[in-house]
Amino acid sequence: MIVAMQEKATEEQIDAVIDAMVEAGVGVHRTTGASQTILAGVGPTSTLDLSKFELLDGVLHVHRISSPYKLAGRAFRPEGTLVEFANGVKVGGKHIAVMAGPCSIENEEQISVTAARVKAAGADFLRGGAFKPRSSPYAFQGMGIPGLKMMHEAAQAHGLLTVSEVMEISQIEPMLPYIDLFQVGARNMQNFNLLRELGQARKPVLLKRGIAATIEELLLSSEYIMAGGNYDVILCERGIRTYETATRNTMDISAIPVIHKLSHLPIVGDPSHGTGRRDMVAPMARAAVAAGADAILVEVHPNADKAASDAAQTLYLEQFDELMGQLRIIATAVGRTL
Ligand code: PEP
Ligand code: MN
């Protein structure tokens, strides 16, 4: 930690701050410049509440220099994390994985037609929600486990992996036979009990950024999963709420390189929830691949306009085919494959 004192800070005030730091178990290194004193603190600062130092007399500001997340930080695994799946697909390496499918699993025909087409276009994962966190309690809530069985069968038939959202602890066990990747949705990014429980799970976790979460909060949430011993965490940028209303969310493309710098965990771009608009999905998917995303998550439906959820942002199968062709070109340009 760094404590910058005000220019007019007195020796008594500086001594009081040093005493408080020492009392907190922090070793203090003092530098006195021509006009200002800087106190560098070394020790167990990552768990300290720094705001209490900010309130001491004579203090200008206090910065943390060590990161509050240890397991998710880049330094923990400088070479990056590769999340490996049963069929040999890896997320976090040279290959950019593609996760595609409807927002919600609706019926057998919808999910099997989608599976065949996204596989043919080059997708690795079939996505589909069975437990849906809807803003309205009256909206379609998902098919539950019977829907997951349908998705699993369709995925098996085409050699695809499956990803689906888990909303609560009691769903983890019953979902295990049908999914390869647990998705934690934006609304549950800070459901710490769920995250802790997923830390004990034997399957990888796709952790979506919360609607109003900072990147640091996302990384701290991933730390909950990793602290339990499950290091197979994949992060996801899915847009955040800002003052802009032209799109459903504001897709924070810069989160992709920022996360690569701060963390070793792979990061997925979700331009469907990121924009909420079908016509904006392809441009933002292209941007995410160009920015270094390790995977792309896209909502696709054979009859997109009639989708039971998120219809406005869902691509038709033909649009997905076209997008995949574009993404391949961009992937090559940035030294990746798709
Ligand atoms: C979804 O993937 O359909 C979903 C609900 O995503 P999010 O949690 O990002 O809103
Ligand atoms: Mn959706």
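In the predicted model, four strands form an open sheet in the order β2-β3-β1-β4. The pairing in this sheet is antiparallel. Its edge strands are β2, residues 27–32, and β4, residues 59–63. Each of these two pairs on one side only. Neighbouring strands of the sheet are turned against each other by 20° on average, with direction ignored.

The strand pairs can be followed across the sheet in order. Strand β2 is joined to β3 (residues 37–42) by six bridges, and the two run antiparallel. Within this pair, H29 has A40 in β3 as its bridge partner. Strand β3 also pairs with β1, again in the antiparallel sense, over three bridges. Here V3 is matched with L39 in β3. On the other side, β1 (residues 2–5) pairs with β4 through four bridges, also antiparallel. In that pair, I2 stands opposite H63 of β4. Strands of a sheet pair through backbone hydrogen bonds, in either a parallel or an antiparallel arrangement.

The domain assignment divides the protein chain into domain 1, residues 2–66, and domain 2, residues 83–333. The C-alpha centres of domain 1 and domain 2 are 43 Å apart.

A second sheet is closed. Eight strands form a barrel in the order β7-β8-β9-β10-β11-β12-β13-β14. Pairing in the barrel is parallel. Neighbouring strands of this sheet are turned by 25° against each other on average, direction ignored.

One barrel pair serves as an example. Strand β9 spans residues 161–165 and strand β10 spans residues 181–184. Three bridges link them in the parallel sense. E165 stands opposite Q183 in β10. Helix α4, residues 145–158, packs on the sheet and touches β8 and β9. The direction of α4 makes about 160° with that of β9. Another helix, α3 (residues 108–121), lies across β7 (97–101) and β8 (125–127). Helix α3 runs at about 150° to β8.

Which residues surround ligand 1? The surrounding set is C103, R127, K132, E165, Q183, G185, A186, R187, K208, R238, H273 and E299. E165 and Q183 are among them, and these two residues also stand opposite each other in the β9–β10 pair.

Polar contacts to ligand 1 come from both backbone and side chains. A backbone N or O atom of A186 lies 2.7 Å from an oxygen atom of the ligand. K208 places a polar side-chain atom 2.8 Å from a ligand 1 oxygen atom. For H273, a polar side-chain atom lies 3.1 Å from an oxygen atom of ligand 1. How much of the ligand's accessible area does the protein cover? On its own, ligand 1 has 300 Å² of accessible area, and the protein covers 97% of this.

Technical notes
Residues numbered from 1 in each chain as written. Chains lettered and ligands numbered in written order. Predicted model: local features only at pLDDT ≥ 70, side-chain atom pairs only at ≥ 80, totals over all residues. Heavy atoms only, no water. Pairing = 2+ DSSP bridges. Axes fitted to C-alpha atoms, helices over the stretch in contact; angles between N-to-C directions. Contact = heavy atoms within 4.5 Å. Near = heavy atom within 4 Å. Polar contact = N/O pair within 3.5 Å; in protein donor to acceptor, adjacent residues only side chain to side chain. Areas by Shrake-Rupley, 256 points an atom, 1.4 Å probe, with all protein chains shown as cover. Domains from an automatic or database assignment.
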